[in-house]
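Got the viewer open? Let's take a walk through this one, a stop at a time.

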Amino acid sequence: MGTVLVVDDEPDVRLIARMVLQADGFEVDEVSTGEAALEALDRQRADVLLLDIRMPGIGGWEVLNRVRSDPALAGLPVVVFTADLGASSEAPEHLDASQVLLTKPFRADDLLAAVRAVTA
């Protein structure tokens, strides 16, 4: 099914996402910071990026901007997620077809639907 890189500073969110995604056949790598996400994407290719918006250091929108400006990563499907509903107002001008915004807390089926939507 592919590899999902889960990026969230909350260990419980990473654990839940990993369990849900692995149960559906995905391989999962996880990191806790935006910096670590960029380093991981430099080392290995993920098929989907599951990216929290609110993190210390480099936040999700900045990670997304850097991914989109890197020719090698520009087409990477991304699911951005956040517990802060106001964060959607900070989104880049628009989310394209390879990006979905998911709010936390999320249901397992919503997470799977979001990941499938960006990979379809």
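Before clicking anything, one term: two residues are in contact when they have heavy atoms within 4.5 Å of each other. Keep in mind, too, that this is a predicted model.

**Stop 1: leucine 5.** Select leucine 5 and show what surrounds it. Ignoring neighbours within four places in sequence, leucine 5 is in contact with Asp29, Glu30, Val31, Ala37, Ala40, Leu41, Ala46, Val48, Leu49 and Leu50.

**Stop 2: the cores.** Now colour the nonpolar side chains. The largest nonpolar core has 21 residues, and the members that touch the most others are Leu5, Val7, Leu41, Leu49, Leu51 and Val67. Which elements each supply at least two residues of this core? They are E1, H2, E3, H3 and strand E4 (78-82). There is also a second, separate core of 19 residues, and Val6, Leu21, Val48 and Ala114 are among its members.

**Stop 3: the whole chain.** Zoom out and switch to cartoon. You should be able to pick out four helices and five strands. Trace them along the sequence and the pattern reads β-α-β-α-β-α-β-β-α. Of the 120 residues, 45% count as buried. If you look at contacts with a separation of 6 or more, 61% of them join residues 24 or more positions apart.

**Stop 4: helix H2.** Select residues 34-43, which make up H2. Its buried residues are Gly34, Ala37, Leu38, Ala40 and Leu41. Why do they lie on the same side of H2? Because they cover an arc of only 160° around the axis. Spin the view: the face turned away from that buried side carries the exposed residues Asp42 and Arg43. To see what covers the buried residues, bring up strand E1 (3-7), strand E2 (27-31), strand E3 (48-52) and helix H3 (60-69), which are all part of the cover.

**Stop 5: H2 against H3.** Keep H2 on screen and add H3. Their axes come within 9 Å and cross at roughly 20°. Angles under 35 degrees count as roughly parallel, so that is how H2 and H3 run relative to each other. On the H2 side, the contact is made by Gly34, Leu38 and Leu41, and on the H3 side by Val63, Arg66 and Val67. The crossing of H2 past H3 is right-handed.

**Stop 6: alanine 72.** Move on to the loop between H3 and E4, where you'll find alanine 72. Is it buried or exposed? The cut-off for exposed is over 50% relative accessible area, and alanine 72, at 60% relative accessibility, therefore counts as exposed. Try a distance from here to aspartate 42: the two are 30 residues apart in sequence, but 9.4 Å apart in space, C-alpha to C-alpha.

**Stop 7: H1 and H4.** Select helix H1 (residues 11-23) together with H4. They pack at an angle of about 65°, with axes 10 Å apart, and are therefore roughly perpendicular to each other. Show side chains here: Ala17, Val20 and Leu21 in H1 meet Ala108, Leu111, Leu112 and Val115 in H4. H1 passes H4 in a right-handed crossing.

**Last stop: proline 105.** Finish in the loop between strand E5 (99-103) and helix H4 (108-119), the place of proline 105. Most peptide bonds are trans. The peptide bond from lysine 104 to proline 105, though, is cis, with omega near -5°.

Terms used
Residues are numbered from 1 along each chain as its sequence is written. This is a predicted model: local features need pLDDT of at least 70, side-chain atom pairs count only at pLDDT 80 or more; totals for chains, interfaces and linings use all residues. Side-chain values use heavy atoms; hydrogens and water are left out. Buried means under 20% relative accessible area, exposed over 50%, partly exposed in between (1.4 Å probe, protein chains only). The arc is that of the directions from the helix axis to the C-beta atoms. A nonpolar core is a set of buried Ala, Val, Leu, Ile, Met, Phe, Trp, Tyr and Cys residues joined through side-chain atoms within 4.5 Å. Axes are lines fitted to C-alpha atoms, for helices over the stretch in contact, and angles run from 0 to 180 degrees between N-to-C directions. Angles under 35 degrees count as roughly parallel, over 145 as roughly antiparallel, 65 to 115 as roughly perpendicular and the rest as oblique. A crossing is left-handed if the near helix is turned anticlockwise from the far one by less than a right angle, and right-handed if clockwise.
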